[in-house]
Amino acid sequence: MALRWLEQNENPIEKVSEAPMMDHEPPLVPAAQFPAVAPSRPFLLTMVAIVVLLLVSFGGGWWFATRQAHQHDRIALPPTEAISSGEKTVVTTAAVTYRPIQRFVEAVGTLHGFEEIVLSSKQEGRVVRIYHDLASVVQPGELLLELDPVDAQLAYEQAERAVQMEMAKWGFREVPDLQSDLNPLPTVVSARLKFELAQSKLQRLLPLQSSRSVSADDLEQAKTDALVQQSDYQNQLLLAKSSAASARLKNAELAIANQRLIDLSVRAPIPSLNAGEGNNYYTVSERMVSEGTLVRPGTELFRLVMGRTLKLKLSIPESHSGQIRTGQAVTIETGSSNTTTDGIVARISPSIDRTTRTFLVEVNVSNEKSTLMPGGFAKAKILVGFEERATTIPLAGLYSFAGIHK
């Protein structure tokens with residue numbers, strides 16, 4: 001208040017000097033000769049005392065309110081005098097019980113088909129007919145789609161004619177392999193006979209050389225004829241081997257043309273892994289093409305799912321790696337069903353992901369009634385232990401502090 005009065009009266013001394021002077025009062029000096037008046041020390045001490053008093057009052061009120069809140073959660077006990085005088089304190093107790101306990105490891109994951117396959121085209125062609133659509137049940141090896149076979153059929157016939165021409169040229173009854181005997185071929189037989197005749201003629205002239213019954217020119221001619229026929233015989237054998245290799249090449253081209261013709265018919269694959277009894281059929285989960293579409297190698301055609309048995313893939317923390325074993329029972333809950341489903345741990349990854357510090361566990365889930373759908377979210381409880389007599393206490397006997405249950 002003193003400060004506010006000083007602010008409102010900028011120069012109080014000067015105003016006092018302007019007032020009429022009394023007879024008994026000395027004359028006043030002008031205000032300009034006096035310095036500015038500062039607040040007095042008692043005033044400052046008073047203000048500090050008021051602030052301290054307010055802080056103490058606020059702190060006391062906060063402490064009292066906190067203490068009342070803690071007292072509300074406590075059990076009221078008799079006063080100390082009553083305890084010392086021999087009065088009893090009421091305490092609630094419960095007996096420790098023994099009961100069977102199942103221990104679980106809980107995890108969440110995604111359901112997958114036992115096999116999920118995306119079929120793609122191996123050849124280029126136009127789709128002429130589609131045999132199955134979305135949600136169709138398909139057996140392994142069943143025809144799904146056909147491409148236009150005209151060009152592939154012509155290529156196959158052309159390769160077949162080339163093989164026939166090569167075999168007719170040398171008289172092959174069938175395409176020879178690497179171990180086939182080529183001596184019975186007509187050209188080889190002719191060359192061999194000529195070589196044997198030249199050899200026989202030379203053998204008859206050699207004994208006459210000592211008696212000089214044959215001239216040196218005739219003998220030299222016989223030797224040359226024998227060598228020429230031998231060379232021709234060897235050359236015919238080489239040509240026959242070359243023709244046999246060419247026939248095998250043409251036959252391989254025929255096989256390629258035949259395979260291209262077969263690949264124009266897209267069929268469901270035949271699984272080699274054991275998918276369980278009665279689980280070897282597919283369901284079409286997606287069809288990507290229509291009749292009349294021109295497809296190229298690699299174009300996706302169908303997505304198939306083998307869903308009689310599903311796989312639940314779980315990421316389990318590393319700390320449980322010593323508890324999970326194949327064959328353990330699993331209880332599964334899904335958002336699409338109000339009932340639980342049973343499963344079995346089928347496969348456990350031998351490695352731990354360095355990023356998440358988890359390892360992969362695959363659970364086989366029976367889906368006989370098709371109530372579960374691949375791609376769905378599921379919660380799983382893996383039974384890792386069972387105790388016949390476990391010591392138990394009431395839940396009210398537990399308390400938590402800093403995240404630790406005692």
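A contact here means heavy atoms within 4.5 Å of each other. With that in hand, start with the whole chain in view, and keep in mind that this is a predicted model. Among contacts between residues at least 6 apart in sequence, 74% join residues at least 24 apart.

Now colour by secondary structure: you should find seven helices and 14 strands. Switch on a surface next. The chain exposes about 28,900 Å², with carbon and sulfur atoms supplying 56% of that area. Of the 406 residues, 24% count as buried.

Time to zoom in on the rings. How many aromatic pairs does the count come to? Just one aromatic pair. Select Phe195 and Tyr233: their rings are stacked, 6.3 Å centre to centre, with 5° between the planes. Show the helices around them and you'll see that the pair links distant parts of the chain, 38 residues apart. Phe195 belongs to helix H6 (residues 186-205), while Tyr233 is in helix H7 (residues 216-263).

Stay on this pair for a moment and turn the surface back on. Are the two rings' residues buried or exposed? Phe195 counts as buried because its relative accessibility is 16%, under the 20% cut-off. Tyr233 is buried too, with a relative accessible area of 17%.

Two more stops, both with a charge over a ring. Select Lys311 and Phe114: the charged end of Lys311 sits over the Phe114 ring, 5.0 Å from its centre. Then jump to Arg389 and Tyr98, where the charged end of Arg389 sits over the Tyr98 ring, 4.4 Å from the ring centre.

Technical notes. Residues numbered from 1 in each chain as written. Predicted model: local features only at pLDDT ≥ 70, side-chain atom pairs only at ≥ 80, totals over all residues. Heavy atoms only, no water. Helix = DSSP H or I, 4+ residues; strand = E, 2+ residues; numbered from the N terminus. Buried < 20%, exposed > 50% of the residue type's maximum accessible area, 1.4 Å probe, protein only. Areas by Shrake-Rupley, 256 points an atom, 1.4 Å probe, with all protein chains shown as cover. Phe/Tyr/Trp six-rings, centres within 6.5 Å; stacked < 30°, edge-to-face > 60°. Lys NZ or Arg CZ within 6 Å of the ring centre and 35° of its normal.
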